[in-house]
Amino acid sequence: MSDLFHEDVPLGFITQVFEVIRETPQHTYQVLTKRAQRLSREAGELDWPSNLWMGVSVESRRYAFRIDHLRKVPAAVRFVSAEPLLGPLGALDLEGIQWLIAGGESGANARPMEPAWATELRDTCTSAGVAFFFKQWGGRTPKAGGRELEGEVWDQLPEEAAA
């Protein structure tokens, strides 16, 4: 896995990737970046395909600023990936965001996710009308803790996908 908006990736290469995405409309592409500032800076230089969903990683409150940059992007679907969720995100402004994915960390040294962090995100999404997808609790393996949040599986997708 790599970050398409890493500073070492030339804009011309990103343009070529977007062209391939546009030429394969039978697929939906999800592009995730931690380089939200470059994403918003370059967004106007790109011809955004309708089958491209753009997301930013927000693993802790420290990185919530990435959502502001994502809002500037004319993607068909804008989403937040709060995984691994490493701390509470607090009150998030989800205006212009269609989807939020939350999940815990997995692996030998996985840091635990507090249930309150996930339920706060679910409640924020529900209040804002944003689709919520709870991917996993995490643990030694991705499936170790299961997928239920307060006894329910949350598999919501943005309206764009439901159509």
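## Basis of the description

A residue is called buried at under 20% relative accessible area, exposed at over 50%, and partly exposed in between, using a 1.4 Å probe and protein chains only. The model is predicted, with local features requiring pLDDT of at least 70 and side-chain atom pairs counted only at pLDDT 80 or more, whereas totals for chains, interfaces and linings use all residues. Residues are numbered from 1 along each chain as its sequence is written, and side-chain values use heavy atoms, with hydrogens and water left out.

## The parallel sheet

Helices (H or I, at least four residues) and strands (E, at least two) are DSSP runs numbered from the N terminus. Two strands are taken as paired if DSSP finds at least two bridges between them. An open sheet of 5 strands follows the order β1-β2-β3-β4-β5, with parallel pairing. β1 (29-33) and β5 occupy the edges with a single partner strand each, so one side of each has no neighbour in the sheet. On average, neighbouring strands of this sheet are turned by 25 degrees against each other, direction ignored. Axes here are lines fitted to C-alpha atoms, for helices over the stretch in contact, and angles run from 0 to 180 degrees between N-to-C directions. Contact means heavy atoms within 4.5 Å. Helix α4 lies across β3, β4 and β5, and runs at about 160 degrees to β5.

In a regular strand the side chains alternate between the two faces of the sheet. From β2, Leu52, Met54 and Val56 point one way, while Trp53, Gly55 and Ser57 point the other way, and all are buried. Because 6 of the 6 residues of β2 are buried, this strand is largely enclosed by the rest of the structure.

## Strand registers and crossovers

β1 and β2 pair in the parallel sense over 5 bridges. In this pairing Val31 stands opposite Met54 in β2, and Leu32 stands opposite Gly55 in β2. β2 is also joined to β3 by 5 bridges, and these two strands run parallel; here Gly55 stands opposite Phe79 in β3.

The chain passes from β2 through α3 to β3 in a right-handed β-α-β crossover. A crossover is right-handed if, with the strands pointing away from the viewer, the path from the first strand over the helix to the second runs clockwise.

## Nonpolar cores

A nonpolar core is a set of buried Ala, Val, Leu, Ile, Met, Phe, Trp, Tyr and Cys residues joined through side-chain atoms within 4.5 Å. The largest such core has 40 residues, of which Phe5, Trp48, Met54, Leu100, Leu121, Phe132 and Phe134 touch the most other members. At least two residues of this core come from each of α1 (11-23), α2 (36-42), β2 (52-57), α3 (65-70), β3 (77-82), β4 (99-103), α4 (115-128) and β5 (131-136). The largest share, 4 residues, is supplied by α4. A second, separate core of 7 residues includes Val77, Phe79, Trp99 and Ile101.

Apart from residues up to four places away in sequence, Trp48 touches Phe18, Arg22, Leu39, Ala43, Met54, Val73, Pro74 and Ala75. Val130 is found in the loop between α4 and β5 and is buried, with a relative accessible area of 4%. With the same sequence exclusion, Val130 touches Leu94, Ile97, Gln98, Trp99, Leu100, Cys125 and Gln156.

## Salt bridges

A salt bridge is a side-chain nitrogen of Lys or Arg within 4 Å of a carboxyl oxygen of Asp or Glu. The whole structure contains 12 salt bridges. Asp47 forms one with Arg22, with the closest N and O atoms 3.5 Å apart. Asp47 lies in the loop between α2 and β2 and Arg22 in helix α1, so the pair ties together parts that are 25 residues apart in sequence. Asp47 is exposed at 52% relative accessibility, whereas Arg22 is partly exposed at 32%.

Arg147 pairs with Asp155 in a salt bridge whose closest N and O atoms are 2.4 Å apart. Arg147 is partly exposed, with a relative accessible area of 29%, as is Asp155, with 42%. Shared partners join Lys34, Glu59 and Arg66 into one network of salt bridges. Within this group, the closest N and O atoms of Arg66 and Glu59 are 3.2 Å apart, and both residues are buried.

## Local backbone features

The peptide bond from Glu83 to Pro84 is cis, with omega near -5 degrees, and Pro84 is found in the loop between β3 and β4. Glu150, although not a glycine, has a positive phi of about 50 degrees. Glu150 lies in the loop between β6 (148-149) and β7 (152-153) and is exposed, with a relative accessible area of 60%.
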